[in-house]
Amino acid sequence: MKSFRLATIFAAGLLLAPGHSFAQELSGPQVVRTLGRLQGGAPAIDLALLMEEAAASAGKGVAALPDWQKLSKLSQLIVEIDFENDSIAIEPKSYRTVGMIADALHHPNLRRYKFLVVGHTSSTGDAKHNLDLSQKRANAITEALSTTFAIAPDRLFAIGVGEEWLVDPSNPQAADNRRVQLVNLGLVK
């Protein structure tokens, strides 16, 4: 995978057209501004339903499903985090990125929000395996954020979608499709 890169994704970000890229190097304050940008109240998101739909849609995609489209209305950020091949082990060079995310989540402007960590893979390998791997990777990120960086676990939720939500559908095996997405789910209740 490429080196550390963050890409902002705005309102229609989940439905990016192939070839469009918003990649840019971001600072901690930019991460805070991006994740803190809410368009009114956050819609209610049923995480269990999203997980069921992801599992039922293995090999079919989830981006067009109504419950998944609700996420496009929320502040979010795509983050490239490198993992060892076919593993949940976060590569050491990516801890800088995880640390930047943690710093942002500790910022006073974001401290009262909860976040969904969405794991993605490319289409290399079996769709069911990729779905399981992406869930484990999302879990690894939430665990690193809560244990290493002291983010309250009740603010973090993990879901894996495997290869069902490609950022570059024209090149499903591209490294850009292997990513983690953070979505602001609104205020912690």
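Here is a friendly exchange about a predicted model of one protein chain.

Me: Happy to start broad: how many helices and strands does the chain have?
Reply: Let's walk along the chain first. From the N terminus on, its elements run β-β-α-α-α-β-α-β-α-β-β. Tallied up, that gives five helices and six strands.

Me: What share of the residues in the chain is buried?
Reply: A residue counts as buried when its relative accessible area is under 20%. The chain has 189 residues, and the buried ones make up 50%.

Me: And on the outside, how much area does the chain expose?
Reply: Carbon and sulfur atoms supply 54% of the exposed area. The total that the chain exposes is about 8,800 Å².

Me: Among contacts between residues at least 6 apart in sequence, what percentage join residues at least 24 apart?
Reply: A contact here needs heavy atoms within 4.5 Å. Taking the pairs at least 6 apart in sequence, the portion that joins residues at least 24 apart is 77%.

Me: Now to helix H4: which of its residues are buried?
Reply: H4 covers residues 95-106, twelve in number, and reaches 16 Å from its first C-alpha to its last, close to the 16 Å expected. The cut-off for buried is a relative accessible area under 20%. In H4 the buried residues are Thr 97, Val 98, Gly 99, Met 100, Ile 101, Ala 102, Ala 104 and Leu 105.

Me: Are H4 and H5 parallel, perpendicular or oblique to each other?
Reply: The axes of H4 and H5 (residues 127-148) come within 10 Å and cross at roughly 60 degrees. Roughly parallel would need an angle under 35 degrees, and roughly perpendicular would need 65 to 115. H4 and H5 are therefore oblique.

Me: Which residues of H5 make the contact with H4?
Reply: H4 passes H5 in a right-handed crossing. On the H4 side, the contact is made by Tyr 95, Val 98, Ile 101, Ala 102 and Leu 105. On the H5 side, the partners are Ile 141, Ala 144 and Leu 145.

Me: Is the crossing of H1 and H4 left-handed or right-handed?
Reply: The axes of H1 (residues 28-35) and H4 come within 9 Å, with an angle of roughly 60 degrees. H1 and H4 are therefore oblique to each other. As for the hand of the crossing, H1 passes H4 in one that is right-handed.

Me: Which residues of H4 does H1 meet?
Reply: H1 brings Gly 28, Val 31, Val 32 and Leu 35 to this meeting. Their partners in H4 are Met 100, Ala 104 and Leu 105.

Me: Moving to the strands, which residues does Leu 187 touch, not counting those up to four places away in sequence?
Reply: Leu 187 lies in strand E6, and at 46% relative accessibility it counts as partly exposed. Its C-alpha is separated by 6.1 Å from that of Lys 114, 73 residues apart along the chain. The residues that Leu 187 touches are Arg 112, Tyr 113 and Lys 114.

Me: What separates the C-alpha atoms of Tyr 113 and Leu 187?
Reply: Tyr 113 is found in strand E4 (residues 113-119). With a relative accessible area of 8%, Tyr 113 is buried. Tyr 113 and Leu 187 are 74 residues apart along the chain, yet their C-alpha atoms are separated by 4.4 Å.

Me: What is the phi of Ala 150?
Reply: Most residues other than glycine have a negative phi. Ala 150 sits in the loop between H5 and strand E5, and is exposed, with a relative accessible area of 54%. Although Ala 150 is not a glycine, its phi is positive, at about 60 degrees.

Me: Last one: is Lys 189 buried or exposed?
Reply: Lys 189 lies in the segment after strand E6. Its C-alpha and that of Arg 155, 34 residues apart along the chain, are separated by 9.8 Å. The cut-off for exposed is over 50%. At a relative accessible area of 89%, Lys 189 is therefore exposed.

Key:
Residues are numbered from 1 along each chain as its sequence is written. This is a predicted model: local features need pLDDT of at least 70, side-chain atom pairs count only at pLDDT 80 or more; totals for chains, interfaces and linings use all residues. Side-chain values use heavy atoms; hydrogens and water are left out. Helices (H or I, at least four residues) and strands (E, at least two) are DSSP runs, numbered from the N terminus. The expected span of a helix is 1.5 Å times one less than its number of residues. Buried means under 20% relative accessible area, exposed over 50%, partly exposed in between (1.4 Å probe, protein chains only). Accessible areas come from the Shrake-Rupley method with a 1.4 Å probe; for residues, only the protein chains shown count as cover. Axes are lines fitted to C-alpha atoms, for helices over the stretch in contact, and angles run from 0 to 180 degrees between N-to-C directions. Angles under 35 degrees count as roughly parallel, over 145 as roughly antiparallel, 65 to 115 as roughly perpendicular and the rest as oblique. A crossing is left-handed if the near helix is turned anticlockwise from the far one by less than a right angle, and right-handed if clockwise.
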